Amino acid sequence: MHTIVAEDVTKTFREGRETVAVLKGATLHLEAGEVVALEGPSGSGKTTFLSILGCLLGATAGSVEIAGERVDGAKPAKLQDVRRRHIGFVFQQFNLFPALTALENVEYALNLKGVDGKAAESQALELMRRVGLADRAKFLPRDLSGGQKQRVAIARALVASPSVILADEPTASLDASVAGEILDLFSELAREERRSLLIVTHDPKVRRVADRAVRIEDGRIAA
Amino acid sequence: MVDLGLKTLLHDKIRFLITVSGVAFAVTLVLVQAGLFVGLLDNSTITIEKLGADLWVTSKNSPNLDFVHQFPESNLYRARSVKGVALADNLILSFMQVSLPTGAEETTVVYAMEDFAAWKMPWNVTAGDVRDLKRGPFVMLDESAVKRFGKFAVGDYREVNGVRLKIVGTSRGAKSFTTTPLSFMDFKRAQELQPQLLSEKTSYILVKVEPGADISAVKRELEARLPYNDVYTGKAWAERSRGYWIVNTGIGFNAFLTVFLGCLVGVVVVAQTLYTSTMEHLKEFGTVKAIGGSNWDIYKMLGQQASIAAVVGFVLGYVPAQLLKPVIAKADLKLIIAPELTATVFVGTFVLCLLSALVSFRKVAGIDPALVFRT
């Protein structure tokens, strides 16, 4: 079953009087439980494509389906709803909330998805345990290493069982050995729970854990 | 539920302190300025309220309590003959000169009546007996006169308009808008001290109506019988007196301007700190959106932060305003922070802080969602 179906997606931006086409007909399908590396040079449209698949941006043309729901042309409220129910994000700079503890960062994501109170706390704690950070649950992000922060971010992305996890350069801010550990953990958790994992990356190590790698060049998926 | 708004607000303690300090400063400024204004106005009409007359007969077109023309004292008999009048008495209010032991001269506002006791005036006698005023060349001074006249005690003498008068008593709390000290003496004594102005004249006729009598009807009858005078209810006369000071002296505009500036300071500080904070946390707000939050979730967060700043800032501003009361009292000024003023300033603080957050709302609404991917 496909969790992501993106067909012939284009995206243009206005820059002054000119219209710049960033995506020129990108097509990508992801199966449930599939781990895919999305590679490409800077400016090739990786992040724009990720933003569209993550329902953060609308496509100019083409069709996009996430977990069976059409989102191309959808209104912001619908996009937000799809993000809330079906998508988890992992960012290069972790994007943890500095005022919240590691556990609260995960719990807050659950709160936004409608899980509150003790249920949210116990689910968050379970995820912290699964990413190996139960003993750091009460630490603030500033007291965690880069690898630990990314584990918290992975736990946050996995809350409430999203169908799709989108990761933007998740290893770029980590040293090589930690990056390997994180990728192993990330791909294992995704496969175990049959989540589709799309990793935008420049890091060749990602290919080791991916089922396949696709390349985006000049706004199109090359292979 | 994890309270991201509260935790973010308290995470940066210095910023939080700056925000609430700004609000607190504005609250103190507004409370003190408005309280002083109310205090001044209260002084201007305190004798009207304490005398408790139902009706005041004044000279025609008198602008306020202190600035009056005299009129024939015999008008009193016409007033007393009106049906429904239970008690009517003349009251002289006049400025006189007091010679001080130092050789300097000061002004006093003299209140003179035949029977002070019937009107419970002065209302807070701290020494002596007001009935003694009729027994000789005597005067009672309000304690607030110490600041202008120097120390005095019962038994001392002071020269008023060139005549030595013995101080037979003191009062507390009797003040005028101009802060000129009040003194009390017998009606005839005042006329003797200022014969050109006051001989066979009075400044006011005070009227109390009989229980159950229609005040409006009595007022109409007094107006008919005293066509060269004006008649006001106590409340209307107090309002007219206060209105004079507010409109004609610029004090009202001055108070309004300070209150406005206080509000402006509060709004600018809160808006600026919230906006700066929003700009610094823009990526976090973007993340909230990315992980499933809506603009509304972020608006609630900003609204909560503004509300907390308003409540904490209000409390921190209210306490010093209250603590300033005795300090201000030493300067012979009155700071009145009535529950109505407190409630108004609290609601105002709350609303203005929320309005300040609107600037940030606009920024949040326009967040580029792809911001979360930027390094």
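# Loops, sheets and cores: worked exercises

A:A160 is found in the loop between α5 (146-158) and β7 of chain A. Helices (H or I, at least four residues) and strands (E, at least two) are DSSP runs, numbered from the N terminus.

This is a predicted model, so local features need pLDDT of at least 70 and side-chain atom pairs count only at pLDDT 80 or more, while totals for chains, interfaces and linings use all residues. Residues are numbered from 1 along each chain as its sequence is written, and chains are lettered from A and ligands numbered from 1 in the order in which they are written.

**Exercise 1.** Is A:A160 buried, exposed or partly exposed, and what sign does its phi have?

*Solution.* Start with the cut-offs: a residue is buried if 20 or more other C-beta atoms (placed from the backbone) lie within 10 Å of its own, exposed if 12 or fewer, and partly exposed in between. A:A160 has 18 C-beta neighbours inside 10 Å, so it counts as partly exposed. Next, look at the backbone: phi of A:A160 is near 60 degrees, a positive value in a residue other than glycine. Most residues other than glycine have a negative phi, and most peptide bonds are trans.

**Exercise 2.** Now try chain B: where does B:N61 lie, and which bond joins B:M121 and B:P122?

*Solution.* B:N61 lies in the loop between β1 (55-59) and β2 (71-72) of chain B. Phi of B:N61 is near 60 degrees, again a positive value in a residue other than glycine. Count 7 other C-beta atoms within 10 Å of B:N61, and you get an exposed residue. Then move on to B:P122, in the loop between β4 (105-113) and β5 (125-127) of chain B. A cis peptide bond joins B:M121 and B:P122, with omega about -10 degrees.

**Exercise 3.** In what order do the 4 strands of the open sheet in chain A stand?

*Solution.* You'll need one rule: two strands pair if DSSP finds at least two bridges between them. Follow the partners and the order is β2-β1-β4-β5 (chain A), with antiparallel pairing. β2 (18-31) and β5 (69-70) of chain A stand at the edges with a single partner strand each, so one side of each is left without a neighbour in the sheet. Zoom in on β1 (residues 2-15) and β4 (residues 61-66) of chain A: 5 bridges join them. One bridge partner to find is A:A61 in β4(A), which goes with A:T10. Finally, add a helix: α1(A) packs on the sheet, touching β1, β2 and β4 of chain A, and its direction makes about 120 degrees with that of β1(A). For that angle, axes are lines fitted to C-alpha atoms, for helices over the stretch in contact, and angles run from 0 to 180 degrees between N-to-C directions. Being in contact takes C-beta atoms, placed from the backbone, that lie within 7 Å.

**Exercise 4.** Which strands stand at the edges of the 6-strand sheet of chain A?

*Solution.* Write out the order, β6-β7-β8-β3-β9-β10 (chain A), an open sheet with mixed pairing. β6 (87-90) and β10 of chain A are at the edges. Now check the senses: β3 (residues 35-39) and β9 (residues 212-217) of chain A pair in the parallel sense over 4 bridges, with A:E39 opposite A:R215. β3(A) also pairs in the parallel sense with β8 (residues 196-201) of chain A, over 5 bridges. By contrast, β9(A) and β10 (residues 220-221) of chain A pair in the antiparallel sense over 2 bridges. They form a hairpin with 2 residues between them, and A:D218 in the turn has a positive phi of about 50 degrees.

**Exercise 5.** How many residues does each chain give to the contact, and how many does the largest nonpolar core have?

*Solution.* Chain A gives 28 residues and chain B gives 20. Of the elements on the side of chain A, α3(A) gives the most, with 6 residues. A nonpolar core is a set of buried Ala, Val, Leu, Ile, Met, Phe, Trp, Tyr and Cys residues joined through C-beta atoms within 7 Å. The largest one has 113 residues, and A:V106 and B:V23 are among those with the most contacts inside it. Helix α2 (residues 13-51) of chain B gives the most to this core, with 12 residues. A second, separate core of 54 residues includes B:W119 and B:M185.

Notes:
Two residues are in contact if their C-beta atoms, placed from the backbone, lie within 7 Å.
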